[in-house]
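Open the model in your viewer and keep a selection prompt ready. Each stop below gives a selection and then says what is there.

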Amino acid sequence: MSKIDYCFSNDYMVLRPDRAGPFDLLHLLFSPKVGRNRAVDCFTSTEIRSFVRRLAIFLNLLLQIVLLSLAGPVAAIGAAVEFALNFIDNILQGRMESPDRSSATYRSLTGLIDGRVDLDKSIAPADSRYHASLCVMASKVAYENEAFIRDVVTRRWQMEFVKFFDCWNEFENAYTAQAFVLWAPDAEVVVVAFRGTPAFDTARWRADVDPSWYKVPRLGRAHAAYTHALGAQRNMGWPKWVEHVKGKPNKVYAYYAIRDAVKELLEANGKARLLVTGHGSGGALAVLFATVLAYHREKTVLDRLAGVYTFGQPRVGDAMLAMFAERHLDRPKKRHFRFAYAGDPQPRLPAGESSPAHFMHFGLCLHFDVSYNLKVFMEIPGEARATSSPAGFFASRVNAARELGRSVYLGYWRSAYFREGWVLLLMRVLAVVLPGLPFHRVHDYVNAVALAAHIPKAASEPKHN
């Protein structure tokens with residue numbers, strides 16, 4: 001990439017760990033002339049005089065360099081672990097066969113941790129929880145391969161599987177966004193579910209912690225990595241129409257390919273409404289997808305948007321982008337619902353650049369504590385306390401122990417639906433033993449929605465726990 005790739009933006013700062021050498025890192029600590037540093041793409045005249053901010057950039061670059069260097073080994077270890085766990089699962093299910101990674105029975109680590117795939121039959125389409133329940137399960141299933149997703153949607157949910165998308169990132173020359181689309185005739189909803197960050201993909205972890213951004217005219221500052229993954233174009237940013245990679249029909253851009261599929265479905269089904277969802281970074285892609293629809297003035301699609309439901313979503317933009325999104329997604333009624341669970345670290349990313357001038361949350365925050373009690377906020381209630389302090393260490397151990405005890409109670413005294421497998425129980429034990437070990441699990445969001453008596457659609461609406 002070169003700086004001309006960002007000429008669509010009137011202001012930007014993109015960190016480049018792939019170009020960061022020892023001299024570039026030291027230059028960050030001792031010189032405010034960030035615009036002349038190879039490790040940072042921004043206007044040449046850019047200066048950052050605050051040492052604290054330059055130190056934060058320095059530390060973030062170091063972290064990204066480490067994550068990139070670990071990408072290959074961690075992916076190999078992860079593939080071996082998932083294969084072994086699937087093999088064990090096959091044996092437990094009475095199938096003495098080698099796992100096939102492309103089959104409808106092969107599960108990711110997310111699916112192995114929580115084997116539930118069926119929708120809660122007690123939640124009908126008229127229930128206030130229905131959209132959230134359908135979306136959280138779609139976000140969970142999005143971590144699986146195409147064959148698995150197709151089987152669950154058609155056979156278990158009795159819905160129509162429309163298409164799986166594996167989408168090209170022009171800035172990274174890689175497939176970095178995955179999603180699927182389904183059509184639920186009984187509920188008359190089209191669902192777009194984006195995949196979050198896979199457990200063993202440290203290259204995508206890097207994107208989650210990366211504080212890089214662009215300022216897009218009329219839109220505001222948007223998170224660069226998620227903008228790239230969604231299908232932004234070099235030199236152009238967000239043109240309304242693009243040609244997919246010529247001669248390579250499999251290389252499609254997420255926003256454009258999914259938008260066209262959704263428009264076709266909505267045109268064919270006059271009463272259909274649209275739901276967009278995702279867990280973690282998938283939630284970031286979901287809310288940016290809806291925001292870019294508004295940016296392109298796709299009124300016919302936005303008028304039929306029933307909701308954007310995100311679970312453990314990180315921050316995606318600044319105050320200007322937040323105002324733009326809320327003006328189009330939350331008026332005249334709320335349609336962006338951002339679920340957050342207890343100390344989940346993902347909603348607190350990117351760290352260090354969380355002022356309104358850089359990154360902030362927007363949309364209605366539905367926050368569940370470790371007991372799955374629901375409260376409604378506009379922002380996450382308090383940042384996670386550092387586990388390095390005595391108070392933070394004690395609080396994290398207490399919460400981890402409470403989660404372990406709650407899991408046993410729910411699974412064996414409340415309902416078999418909440419019973420956790422040995423992999424997840426082991427992770428909960430490790431969280432009690434190892435200080436500061438965070439888990440970003442879609443499992444807890446599935447539980448929270450299932451246990452909620454009501455999902456509020458406005459900040460003033462009463463909550464029932």
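The tour runs over a predicted model, from the main sheet to the cores, the rings and the chain start.

**Stop 1: the open sheet**

Show the cartoon and pick out the strands in the order E3-E4-E5-E8-E9-E10-E11-E12. These eight strands make an open sheet with mixed pairing. Which strands are at the edges? Strand E3 (160-169) and strand E12 (374-377) are, each pairing on one side only. Viewed along the sheet, the twist from one strand to the next averages 20°.

Now select residues 189-194 and 273-279, which are strands E5 and E8. Six bridges hold this pair, and the sense is parallel. Label Val-191 and look across to E8, where Leu-275 stands opposite.

**Stop 2: helices on the sheet**

Add residues 146-156, helix H5. H5 lies across E3 and strand E4 (174-184), and runs at about 155° to E3. Then add residues 443-451, helix H14, which packs on the sheet. H14 touches E8, strand E9 (305-311), E10 and strand E11 (364-368). The direction of H14 makes about 115° with that of E10.

**Stop 3: His-336**

Stay on E10, which covers residues 336-341, and select His-336 in that strand. Is His-336 buried or exposed? His-336 counts as buried because its relative accessibility is 0%, and the cut-off for buried is under 20%. To see what surrounds His-336, show its contacts beyond four places in sequence: Val-287, Val-308, Thr-310, Gln-313, Leu-329, Asp-330, Phe-362, Gly-363 and Leu-364.

**Stop 4: the nonpolar cores**

Select Phe-194, Leu-230, Ile-258 and Val-276 as sticks. These residues have the most contacts inside the largest nonpolar core, which has 60 residues. Helix H9 (residues 281-295) supplies the largest share of this core, with 11 residues. A second core is separate and has 52 residues, including Leu-119, Val-191, Phe-339 and Phe-368. Val-191 is the residue already labelled opposite Leu-275.

Return to Leu-230 and show its contacts, leaving out neighbours within four places in sequence. They are Phe-194, Trp-238, Tyr-253, Ala-254, Tyr-255, Leu-285, Leu-288, Phe-289 and Val-292. Two of these residues, Trp-238 and Tyr-255, lead to the next stop.

**Stop 5: aromatic rings**

The model has 16 aromatic pairs. Start with Trp-238 and Tyr-255: the ring centres are 5.7 Å apart and the planes meet at 75°, so this pair is edge-to-face. Trp-238 is in the loop between helix H7 (224-230) and helix H8 (254-268), while Tyr-255 is in H8, so the pair ties together parts that are 17 residues apart in sequence. Trp-238 and Tyr-255 are buried.

Next, add Tyr-256. Its ring forms an edge-to-face pair with that of Tyr-255, at 5.0 Å centre to centre and 80° between the planes. Tyr-256 is buried, as is Tyr-255.

For a cluster linked by ring pairs, select Tyr-309, Phe-311, Phe-337, Phe-339, Tyr-341, Phe-368, Tyr-372 and Tyr-445. Phe-339 and Phe-368 were also named in the second core.

Two arginines sit over ring faces and can be checked by distance. Arg-259 lies over the face of Trp-241, 4.3 Å from the ring centre. Arg-234 lies over the face of Phe-171, at 5.9 Å from the ring centre.

**Stop 6: strands E1, E6 and E7**

Select residues 11-15, 213-216 and 220-223. The 11-15 stretch is strand E1, which runs antiparallel to strand E6 (residues 213-216) and is joined to it by three bridges. Here Tyr-12 has Tyr-214 in E6 as its bridge partner. On to strand E7 (residues 220-223): four bridges join E6 to E7, again antiparallel. Lys-215 has Arg-221 in E7 as its bridge partner. E6 and E7 form a hairpin with three residues between them, and Arg-218 in the turn has a positive phi of about 75°.

**Stop 7: Asn-10**

Finish at Asn-10, in the segment before E1. Asn-10 is partly exposed, with a relative accessible area of 44%. Draw a line between the C-alpha atoms of Asn-10 and Tyr-214: they are 8.1 Å apart, though 204 residues separate them along the chain. Beyond four places in sequence, Asn-10 is in contact with Phe-43, Lys-215 and Pro-217.

Methods
Residues numbered from 1 in each chain as written. Predicted model: local features only at pLDDT ≥ 70, side-chain atom pairs only at ≥ 80, totals over all residues. Heavy atoms only, no water. Core = buried A, V, L, I, M, F, W, Y, C linked by side-chain atoms within 4.5 Å. Buried < 20%, exposed > 50% of the residue type's maximum accessible area, 1.4 Å probe, protein only. Helix = DSSP H or I, 4+ residues; strand = E, 2+ residues; numbered from the N terminus. Contact = heavy atoms within 4.5 Å. Pairing = 2+ DSSP bridges. Phe/Tyr/Trp six-rings, centres within 6.5 Å; stacked < 30°, edge-to-face > 60°. Lys NZ or Arg CZ within 6 Å of the ring centre and 35° of its normal. Axes fitted to C-alpha atoms, helices over the stretch in contact; angles between N-to-C directions.
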